Amino acid sequence: MTEYTRERLLIIDFGSQVTQLIARRLRELRVYCEIHPYQNVTDTFLASFKPQAVIFSGGPNTVTNPSHPRPPKEIYEINVPILGICYGQQVMIQDLGGKIDGGKISGGGGTAEFGRALLQQRGDLDLLAGWFDEGPEQVWMSHGDHVAELAPGFDVFAASKNAPFAVVANTNRKFFAIQFHPEVYHTPKGKELFTNFIRISGFSQTWSMDNFHTKALDHIREQVGKKKVICGLSGGVDSSVAAVLIHKAIGDQLTCIFVDHGLLRANEARDVVEMFRDHYNIPLIHTDESELFLSTLENQSDPETKRKIIGRLFVDVFQRYASEIPDAAFLAQGTLYPDIIESISHSGGPSETIKSHHNVGGLPKEMGLRLLEPLRELFKDEVRELGRELGLPKPFIARHPFPGPGLAIRVPGKITRTKIEILRAADAIFIDQITKYDLYDKIWQAFVVILPVRTVGVMGDGRTYDFACSLRAVTSVDGMTADYFPFTHEFLSETSTRIINEVQGINRVTYDITSKPPSTIEWE
Ligand code: XMP
């Protein structure tokens with residue numbers, strides 16, 4: 001058995017929006033971990049998973065509700081270190097005999113706390129090694145409920161103004177329960193806490209993308225057997241990495257299907273075909289379905305309807321080609337972890353659906369294909385690292401993300417073919433400008449949105465009545481949060497002039513200066 005499978009940490013998800021950040025912190029520390037929703041963690045599951053340590057995530061529920069989410073009670077008997085975070089603290093303390101009070105918003109001695117808080121040391125604890133060297137430490141709190149009475153065997157090691165039991169532990173059993181969130185950036189020493197926890201749990205910290213790569217190849221071979229796989233390529237880094245990885249695992253059992261839905265960026269179809277057919281020799285079906293997509297989308301204006309139509313048509317097209325490939329049993333997709341967390345609420349409601357990413361949510365049963373999603377645990381930057389491991393050409397790895405629904409979700413309001421053409425032309429100029437100014441790699445994603453308004457302008461001696469557009473360019477680490485990119489005035493005015501002069505149909509250019517949150521990166 002490889003290092004990768006032997007040492008694993010189990011994260012039990014109770015529905016926090018930031019559970020995936022725990023996984024990310026652990027991978028940064030070279031520890032292999034998996035997140036599983038609490039409902040799936042049964043004693044049978046535990047026996048086969050054999051975690052070396054366990055983390056309970058936060059969550060929006062209250063343990064004061066009799067039907068609150070719980071881990072299986074065997075978890076406390078398997079003799080491994082456990083770290084409970086926020087809701088995870090409360091559930092652990094209550095399960096082991098302590099008492100939790102429901103949240104109060106004001107007052108002293110154990111009330112709700114949201115945002116930054118200062119943690120004071122109350123005792124020496126290995127989990128907090130490296131903390132408090134310069135006095136109280138900043139942590140991020142987000143809780144209503146709180147511990148009111150400790151479970152037997154637990155002591156207090158740190159407290160904040162409103163959380164007297166902010167860090168408690170039963171050191172003999174290596175059970176740690178903390179009220180704050182060490183996984184978020186606003187807890188500056190969070191990484192040290194995780195480092196300490198994995199040291200206490202005896203991890204050798206040898207996991208790497210190379211392990212992931214090897215394991216993923218084995219896993220794909222095991223899952224697929226002698227069956228055939230079809231993979232939807234979008235031209236983006238995710239599906240490209242997924243396809244190359246799968247091809248490496250099973251060779252010509254994979255056929256890629258690149259659906260040109262008429263909503264691609266300039267030259268995208270050509271680049272994708274060249275890379276897959278010419279560079280990798282991967283069997284590729286390139287089908288021009290623009291008529292099907294554009295005629296169905298024509299005049300649609302609701303964002304979710306657009307996404308759903310595109311998702312459905314994709315499935316139809318795949319199904320059509322899949323039926324021509326004997327033994328096709330799997331549909332491969334480059335789904336990433338953030339796609340999943342934003343699209344579904346996998347523990348029954350807590351993390352809300354923000355957008356229906358077309359590539360998440362399963363396939364119609366009658367399609368008869370199973371999903372193969374080898375990247376579903378990874379974040380974008382980790383996928384790029386894997387892409388480098390696999391030797392993908394730099395332009396593909398460095399490419400800005402491009403959403404499956406393509407330009408359709410950059411046309412707020414009614415979709416028309418004319419708007420798509422105008423948008424594509426303006427987008428190409430914006431990207432050209434960014435490349436010319438050597439900014440492409442400094443920006444997470446940049447694109448143009450065509451606005452559903454026409455405005456009056458004057459060009460030459462004539463009046464124009466054309467569309468306005470907005471430029472969007474953001475920096476981000478993983479697409480979950482983002483800031484707008486601070487272009488210079490020179491860049492903005494040159495880009496605006498070029499778009500207006502070179503693209504017929506646009507007479508006004510604006511720049512979107514909102515971050516995510518409160519906005520999302522795409523406009524729809
Ligand atoms: P938002 O707009 O949600 O986008 O802030 C976050 C990142 O996800 C991309 N995105 C998608 N990618 N299918 C995809 O493959 C989709 O349906 C989809 N919607 C958004 C978006 O471009 C950004 O990089």
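This is a guided tour of the structure, going from the whole chain to single residues and pairs of charged side chains.

**The whole protein**

Begin with everything shown as a cartoon, and keep in mind that this is a predicted model. As you turn the cartoon, you can follow 15 helices and 20 strands. The radius of gyration is 25 Å, close to the 24 Å that the globule rule gives for 524 residues, so the protein is as compact as a globular protein of that length. Along the principal axes, the C-alpha atoms fill a box of roughly 80 × 60 × 40 Å.

Next, switch on the surface, whose accessible area comes to about 21900 Å², with 50% of it belonging to carbon and sulfur atoms. Beneath that surface, 58% of the 524 residues count as buried. Where do contacts in the chain reach? Among contacts between residues at least 6 apart in sequence, 76% join residues at least 24 apart.

**Two buried stops**

Select Ser16, which sits in the loop between strand S1 (9-13) and helix H2 (19-28). Ser16 counts as buried, with a relative accessibility of 8%. If you leave aside residues up to four places away in sequence, the residues that Ser16 touches are Ser57, Gly58 and Gly59.

Now move to Gly387, found in helix H12 (residues 380-389). Is Gly387 buried or exposed? Its relative accessible area is 0%, and Gly387 is therefore buried. Show Val241, Leu392 and Ile397 as sticks as well, since Gly387 touches these residues when those up to four places away in sequence are not counted. For a sense of distance, select Lys99 together with Gly387: the two are 288 residues apart in sequence, and their C-alpha atoms lie 49 Å apart in space.

**Charged side chains**

Colour the charged side chains next, and you will have 55 positive and 65 negative ones, with the centres of the two sets lying 1 Å apart. How many salt bridges does a search of the whole structure find? The search finds 27 salt bridges, and three of the pairs are worth a separate selection.

For the first pair, select Arg199 and Asp126, which form a salt bridge with their closest N and O atoms 3.4 Å apart. Arg199 lies in helix H5 (residues 190-200), while Asp126 lies in the loop between strand S6 (113-121) and strand S7 (137-143), so the pair ties together parts that are 73 residues apart in sequence. Arg199 is partly exposed, at 42% relative accessible area, and Asp126 also counts as partly exposed, at 42%.

For the second pair, select Glu524 and Lys306, where the closest N and O atoms of the salt bridge are 2.9 Å apart. Glu524 is in the segment after strand S20 (506-511) and Lys306 is in helix H10 (residues 303-322), and this pair links distant parts of the chain, 218 residues apart. Both Glu524 and Lys306 are buried.

For the third pair, select Asp441 and Lys394, whose salt bridge has its closest N and O atoms 3.3 Å apart. Here Asp441 belongs to the loop between helix H14 (417-436) and strand S17 (445-459), and Lys394 belongs to helix H13 (residues 394-397), so that parts of the chain 47 residues apart are linked. Asp441 is exposed, with a relative accessible area of 56%, and Lys394 counts as exposed at 55%.

Finish by selecting Arg265, Glu268, Arg270, Asp271 and Arg399 together, which salt bridges that share partners join into one network.

Methods:
Residues numbered from 1 in each chain as written. Predicted model: local features only at pLDDT ≥ 70, side-chain atom pairs only at ≥ 80, totals over all residues. Heavy atoms only, no water. Salt bridge = Lys/Arg side-chain N within 4 Å of Asp/Glu carboxyl O. Helix = DSSP H or I, 4+ residues; strand = E, 2+ residues; numbered from the N terminus. Buried < 20%, exposed > 50% of the residue type's maximum accessible area, 1.4 Å probe, protein only. Rg over C-alpha atoms; globule rule 2.2 N^0.38 Å. Contact = heavy atoms within 4.5 Å. Areas by Shrake-Rupley, 256 points an atom, 1.4 Å probe, with all protein chains shown as cover. Lys, Arg positive; Asp, Glu negative; His and termini not counted. Charge placed at Lys NZ, Arg CZ, Asp CG, Glu CD.
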